[in-house]
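Thanks for coming. I will take this one region at a time, and the sequence and the model should be up on the screen now.

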Amino acid sequence: MSKTKSDFLHELKARGFIHQVTDEAGLSSLLKSERVTAYIGFDATAPSLHVGNLVSIMMLRKLQQAGHRPIVLIGGGTTKVGDPSGKDESRKLLSEGEIGANVAGIETIFRRFISFGQGSTDAIMVNNADWLDRLGYIEFLRDYGRHFSVNRMLTQDSVKLRLEREQPLSFIEFNYMVLQAYDFVELHRRFGCRLQMGGSDQWGNIVGGIELGRRTDGVELFGLTSPLLTTASGAKMGKTAAGAVWLNPDMLSPYDYWQYWRNTEDADVPRFLKLFTELPLPEIGKLAELEGAELNEAKKVLATEATALVHGRDAADRAAETARATFEEGAIAASLPTFEVPRAQLEKGWGVLTANTHVGFVASTGEARRQIKGGGIKVNDVAVTDEKRMLTLADLTPEGVIKLSLGKKRHALIRPV
C-alpha cells in the first residue's frame, strides 16, 4: 500500500488539513505498510452537524478514498459529560431522549460523504455509549484513572484557559479527557483503530488516548489534528448573524447553504476551495488567480461544489440557478426558501422586524432595526425605511407571495395559507 500512504498524507498536506501529527514518520510508515483504521468523534449536542464540522468529515472522506477505513464515533456517552475544549462555560446537560434524537439527526449526514458496509475500507459507525454507559466507576478509576496526572491535566488548554478566565469547570467536565482517551483504547481493542483525528483543540485529549493505550495495552497509537478555521476577518466558521450553518436540509435549505458559501470573503476562496470541494488542485489554482468581479465566479463554483457534497448535485444546481434568476434577472424564483404564514396574520398586519427574525435573516428584532437603518432590508425589492412597517395582503405580488430580502444575496418568500 505504498501508493495509498503517499496519496493520503500528501493530499491532506496539499489541501491544508494538517496542523499537528504526533509522530509523522511513524504514521507514514504505518500507512505505507497496512490499511489503517482511524476515527473522529462527534458529540450529539445538536440535532445536526454544522459547517464547523466539515473539515473533520472531509478528512474521513479522504481517508476512505485513500484505501483506509474510517470510524465515525458518535458521542452518545461523552455528550452526557460535555467537552470543555474551547468553551468558556459548561455545556447544557441533555436528557437521554434529547441525545437520542440528536444522534438520529447527525448520523444521516455521514452517508453523504463516506460509504458504510462490510468491506475492508467501508466505514463503521459506533456510539461510545455502548461501552461508557456500562463502566463501573470504581473499577474505571482503578484501571484507567490512575494513569492520568492531575498536574498535567491542569496544564491542558481546555482546563487552563477556563481557570485563567475564572470560569467554573465542573468535575464532570474534568473527566471528559479521561473518557475520550478511553474511547481510543476501546476502539483499538474492538476494531484495531490506530489513528485519531480531530481539530487542533483536541490535541491534548488525543495525546491522552495515545499515552493511555501505551500504558494499558502496550500499543503504539497516533494522532493528527487539523487547524481550527476562522474566516479572513476572524469570524468562527459556520456562524452567521442568524445562527449556525447546519448541514441537515430540514434545518437549513440547500439554497441558504449555497448562499453561505457564495458570501465567502475574497481572501478565503482559495483555502475553502481546497478544503471543502474536490476540484483538482490545478483547477483551484486557476480559480484563485481571479480578481475583482471575476472572483465572484470562483465563489459560485465554491458554493455549488460545497453544496453538492452535502445536498447532492441536483439540489446544488437548483440553488445556483435560483440565485442566477434572482440576482441576474430580478425574478421571484419559486425555489427560494418559502415560509408559510397564516392568512389571518397578514390580514391584521405582520411586523417586518418579526418577519426577518422568523425567516432567519437576523437573530433579533434589534438586529433587524439596525439593518433597516442601513438600508439592508427590502420588501418586494423596495428598501424598508420604517421599522414599524407591517406586511399585509396588499404586499402580495402577482405570484401570491411577499419577497423579503436582506442585502443583495439573501431572499425568502412569505406565502399566506
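**The cavity and the core around it**

There is one cavity of 30 Å³ or more in this structure, and please keep in mind that we are looking at a predicted model. That largest cavity holds about 30 Å³ of space. Which residues line the largest cavity? They are Leu54, Met58, Phe113, Tyr257, Phe276, Ala306, Leu309 and Val310. Two elements give two or more residues each to this lining, namely helix H3, residues 54-65, and helix H15, residues 295-311. The largest share comes from H15, with three residues. As for the kind of residue, the lining of the largest cavity has eight nonpolar members, no polar ones and no charged ones.

Leu54, from that lining, also turns up in the largest nonpolar core. That core has 71 residues, and the members touching the most others are Leu54 and Trp261. What does Leu54 touch, once residues up to four places away in sequence are not counted? The list is Phe113, Leu247, Tyr257, Trp261, Phe276 and Val310. Please compare that with the lining: Phe113, Tyr257, Phe276 and Val310 are contacts of Leu54, and those four residues also line the largest cavity.

Apart from the core of 71 residues there is another core, of 26 residues, including Tyr39, Met177, Val185 and Leu212.

**Strand E6**

Next, please find strand E6, residues 222-226. Is E6 enclosed or open to the outside? Five of its five residues are buried, so the strand is largely enclosed by the rest of the structure. In a regular strand, side chains alternate between the two faces of the sheet. For E6, one side has Phe222, Leu224 and Ser226, the other has Gly223 and Thr225, and all of these are buried, so that both faces are covered.

E6 has pairing partners to look at as well. With strand E1, residues 20-21, E6 pairs in the antiparallel sense over two bridges. On that side, Val21 has Leu224 of E6 as its bridge partner. With strand E5, residues 195-199, E6 runs parallel, and five bridges join the two. Here Leu195 stands opposite Phe222 in E6.

One residue of E6 is worth a separate stop, and that is Ser226. Its relative accessibility is 2%, and the cut-off for buried is under 20%, so Ser226 counts as buried. Which residues is Ser226 in contact with, leaving aside neighbours within four places in sequence? They are Phe17, His19, Val55, Met59, Gly198, Gly199 and Ser200. Of these, Gly198 and Gly199 fall within the residue range given for E5, and Val55 and Met59 fall within the range given for H3.

**A loop residue, Met251**

Now to a loop. Met251 sits between strand E8, residues 243-244, and helix H12, residues 254-262. Met251 has a relative accessibility of 31%, so it counts as partly exposed. What does Met251 touch, with residues up to four places away in sequence not counted? It touches Pro47, Ser48 and Trp246. Pro47 and Met251 are 204 residues apart in sequence, while their C-alpha atoms are 8.8 Å apart in space.

**The five-stranded sheet and its turn**

Last, please move to the open sheet. Five strands form it, in the order E9-E15-E14-E11-E12, and the pairing is mixed. Which strands are at the edges? They are strand E9, residues 338-341, and strand E12, residues 382-383, each of which pairs on one side only.

At the E12 end, strand E11, residues 377-379, is joined to E12 by two bridges, and the two run antiparallel. Val379 has Val382 as its bridge partner in E12.

The loop between E11 and E12 contains Asn380 and Asp381. What is the phi of Asn380? It is about 50 degrees, a positive value, although Asn380 is not a glycine. Asp381 also has a positive phi, near 70 degrees, and is a residue other than glycine. On accessibility, Asn380 is partly exposed, with a relative accessible area of 23%. Asp381 is partly exposed too, with a relative accessible area of 41%.

That is the end of the walk-through.

Note on methods
Residues numbered from 1 in each chain as written. Predicted model: local features only at pLDDT ≥ 70, side-chain atom pairs only at ≥ 80, totals over all residues. Heavy atoms only, no water. Core = buried A, V, L, I, M, F, W, Y, C linked by side-chain atoms within 4.5 Å. Buried < 20%, exposed > 50% of the residue type's maximum accessible area, 1.4 Å probe, protein only. Contact = heavy atoms within 4.5 Å. 1 Å grid on protein atoms, 1.4 Å probe; cavity = no way out; pocket = protein on both sides within 12 Å on 5 of 7 lines; lining within 4 Å. Points joined across faces, edges and corners; volume = space filled by probe spheres on them. Helix = DSSP H or I, 4+ residues; strand = E, 2+ residues; numbered from the N terminus. Nonpolar A, V, L, I, M, F, W, Y, C, P; charged D, E, K, R; others polar. Pairing = 2+ DSSP bridges.
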